[in-house]
Amino acid sequence: MSTHSSLGAGTPITAGNVDLTNCEREQIHIPGAIQPHGVLLAIKEPEMTILQVSANAADMLGLPPSQLLGRPLSEVMDPTQFRYWEQQVLLKRLDTNPLYLVPIRMGTRQREFEASVHRYDQVLLAQLEEYEPVGKPRTLDAYSSAWCMLTDLQRTKSLAEFYEFAAQGVRRHIGYDRVVIYKFLEDGTGEVLGESKRDDLPSWLGLRYPASDIPKQARELYLRSWIRIIADVHAAPARLIPEDNPLTGKPLDMSCCVLRGVSPIHIQYLKNIGARASMSISIINDDKLWGLIACHNQTPKRVSHEARIACEFLAHSVSLQINGKESTEHQDYFSKLRDHIARMFEYMSVEKPFYLGLVNRSPRILDFFRSSGAAMVVDGEVTLLGETPSAEHVRALLPWLAQQPLENGVYATDRLAQLYPGAGSFREKTSGLLAARLQESSLQWLLWFRPEVVQVVKWAGDPNKPVEVDAHSGEVKLSPRRSFALWKEEKRGCSDPWWLEEREIAAELRRAVIEVILKHVEQLRRLNVDLGRSNSELEAFAYAASHDLKEPLRGIHNYTQLLARSLKSHMEPPDTEKLQTILKLSARMDDLIDSLLAYSRIGQMELLYENVDVNELLQQVLVMLKARLEGVNATIRIPRPLPPAQGDRIRIQEVLQNLLVNAVKYNDKPEKWVEVGWQEKTPVTYYVRDNGIGIDPRHHATIFRIFKRLHPAEDFGGGTGAGLTITQKIIQRHGGRIWLDSIPGQGSTFYFTLGSEQ
Ligand code: ADP
């Protein structure tokens, strides 16, 4: 998309001195020559004498430069037209708006020209181009079609359509093979956003061009002069005679000349892309060069004044509308995202768990921020959507992410690979990262990814290599750049940037999710309070009920005993047996009530926390159980000393005792053993292992239920089935948990902790 325009006067560009900076150094506003399809006259005011003329004047006007220089304009021009010329030149501010005179007759050949006159560099510059009448009022025609284009442009619904219509409108006027809308991006590179072209040509839409394609001074010229035309790339330029402006003694400044001569570098560039003619019109926004309407044709092509005016008019309208269109498109994009947030908020209130509302329905988090992938991390669980690194890579990224500075809880980078060493293997998918932290814990995040920019943007060749020198002829060649790899290497690891508004919306989404989290936490807290209340009410009830039950039960037992004694000699054996059963059952009921009382007491009592030497406690338990252990021939193993614990000494002792009693009780082996040990985990995990009968996995949960026994009442020495329930309750009250592993027939291991896991 090179548009640099002319060769510096007196600075021939050769193989020896061409490099990338030539383009920047070229003095393109003083080329000392014009394109030969027109004639240039520099005229001195107020005398209106000719000071400079292009060498092709003899051909075009029938008067060689020697007959024109120093001569009054009135002598070479139609007298009526000259009078009009003089009037207009006095009246109009020709430094900002040129004067168009169509048709104009000049010279000896009586040819008609289109003339444009402007004042620059202390002289009047008249540019004459051959006039081709078409037999209808062209100005009106141009005006009405420009008006149509304007209406079309206003009606467009998206920026893409706006650019396309603008390109189409220009192409309709000038009939070129291709017209593109080219925007300068922040880094100076350019991108083709809209295009109208001949059907058989390949599309340039989306192509990016390096900053060096349109050097700085060419851009400055584009700000000064809106339109630039090269009618025929192969035409030999016509030099100015004399070379310097006699009033300034310097080369004539042709910044605003449409006929200005063209730089050989640019000519070569156009040849390389197969163009014979080119035209570009500036799009200016807030006094800055926003971009260009760039047009190319495969055959030489002039553009009439009227068409030029219409195109300029269109470019002005585009310039005026572009701000509004761009900001409407942005606003639409952001209001769509805000709408997404509102909908997600609804989803989160119905989905269970609520965070599935972010990934299960549309819009999902992936539908935010023009991202190619997204991830949700909840308690370390990773959910991936679209193009993302693997879950392990995401998890590995989190500790690094937690160290990064956040703004409103959000972190954004468009070059992750340069900052995070672990990104190397997935940088193509994830060069850009936007992250919103949901909670202080590093394990709650929403993440969005953007791919490396080279994957989404097609670059028209290697921007680092626009110029090549032919090895044989030494001729300078602007090659259509081939080495894409080099540029790709430079651009490695960068994504499209995250806009400020996108980061703000990520923060809004984050706030919405946090609001839902807090609502859930509050609900959970209330539920916990309710649960706690009903638990303690239940415990109080169980305590009161069992306490009150004991007394009548004792009465039943005592009276049955009295009855048994007084009726002893009068009763038949079956009746005696029945009375004995009543006594046994009431004793069992008494045991059950005692267990219930013990259980409810554990729930209600205050724990006395202290540092507990668990080894010492274990020894005390073993002393208490000595007779029992010896009776069943059980060995106790303690592979290594047990670490101390924080808790209620008496209760922990109860836990050890219950587990040890069960370990020897539910054991049918001739050589019974019990191992008491611990595992180095956080928190410390104690265990009691036996080689007993084992427990079928089906019962692993149920054995902790109160009064649940897996055997008939009398088997294995009886029991109430409350031991493990009480043990679990004690452990839970310490903030720990109890669980087991077991192989039926081989033995069981009961594990427990005494502190919370976080
Ligand atoms: P109890 O021992 O009074 O029956 P527990 O609550 O202590 O009540 O135990 C509940 C049930 O779990 C027991 O009846 C027994 O079937 C089973 N059980 C407990 N500990 C063991 C163990 N170490 N090996 C095998 N079974 C066990």
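**A walk from the cysteines to the ligand**

Cys256 is partly exposed, because its relative accessible area is 23%, and buried would require under 20%. The model is a predicted one. That cysteine opens a simple issue, the search for disulfides. Across the whole structure, the search finds zero of them. Cys256 shows why for its own case: its sulfur lies 7.4 Å from the closest cysteine sulfur, that of Cys257, which is too far for a bond. A disulfide needs the two sulfur atoms within 2.5 Å. Cys494 sits on the other side of the burial cut-off. Its relative accessibility is 11%, so Cys494 counts as buried.

Turn next to the sheet. Seven strands make it up, and it is open. Their order is β1-β11-β3-β2-β6-β5-β4, with antiparallel pairing. The edges belong to β1 (33-34) and β4 (99-106). Each of these two has a single partner strand, so one side of each has no neighbour in the sheet.

Strand β3, residues 49-54, lies between β11 and β2 in that order. How many of its six residues are buried? Six of the six are, so the rest of the structure largely encloses β3. As a general point, side chains in a regular strand alternate between the two faces of the sheet.

Both partners of β3 can be followed residue by residue. On one side is strand β2, residues 38-44, which runs antiparallel to β3 and is joined to it by four bridges. Lys44 stands opposite Thr49 of β3. The two strands form a hairpin, with four residues between them. Within that hairpin, Met48 takes a positive phi near 60°.

On the other side is strand β11, residues 238-241. It pairs with β3 in the antiparallel sense, over two bridges. Here Val53 stands opposite Ile241 of β11. Ile241 also leads into a backbone feature: the peptide bond from Ile241 to Pro242 is cis, with omega near -10°. Pro242 is placed in the loop between β11 and β12 (244-245).

Another cis bond runs from Lys352 to Pro353, again with omega near -10°. Pro353 belongs to the loop between α9 (305-350) and β16 (373-378).

Beyond β16 comes a residue with an unusual sign of phi to check. Asp379 has a phi near 50°, a positive value in a residue other than glycine. Its place is the loop between β16 and β17 (381-386). Is Asp379 buried or exposed? Its relative accessibility is 57%, so Asp379 counts as exposed.

Phe707 also has a positive phi, near 65°, and is likewise a residue other than glycine. It lies in the loop between β28 (685-690) and α19. With a relative accessibility of 35%, Phe707 counts as partly exposed.

Helix α19 brings the path to the ligand. Which residues are closest to the ligand? They are Asn662, Tyr666, Arg709, His711 and Leu724, out of 21 residues that surround it. Two of these make side-chain polar contacts. A side-chain N or O atom of Asn662 is 2.8 Å from an oxygen atom of the ligand. For Tyr666, the distance from a side-chain N or O atom to a ligand oxygen is 2.7 Å. Gly721 uses its backbone instead, with an N or O atom 2.9 Å from an oxygen atom of the ligand.

The enclosure can be put in numbers. Taken alone, the ligand exposes 530 Å², and the protein buries 97% of that area. Three elements each give two or more residues to the shell: α18 (649-665), α19 (723-733) and β30 (747-753). Of the elements, α18 gives the most, with three residues. By class, the shell holds nine nonpolar residues, eight polar ones and four charged ones.

How values were computed: Residues are numbered from 1 along each chain as its sequence is written. This is a predicted model: local features need pLDDT of at least 70, side-chain atom pairs count only at pLDDT 80 or more; totals for chains, interfaces and linings use all residues. Side-chain values use heavy atoms; hydrogens and water are left out. A residue is near a molecule or strand if one of its heavy atoms lies within 4 Å of it. A polar contact is a pair of N or O atoms within 3.5 Å; within protein, one must be able to donate a hydrogen and the other to accept it, and residues adjacent in sequence count only if both atoms are side-chain atoms. Accessible areas come from the Shrake-Rupley method with a 1.4 Å probe; for residues, only the protein chains shown count as cover. Ala, Val, Leu, Ile, Met, Phe, Trp, Tyr, Cys and Pro count as nonpolar, Asp, Glu, Lys and Arg as charged, and the others, Gly among them, as polar. Buried means under 20% relative accessible area, exposed over 50%, partly exposed in between (1.4 Å probe, protein chains only). Two strands pair if DSSP finds at least two bridges between them.
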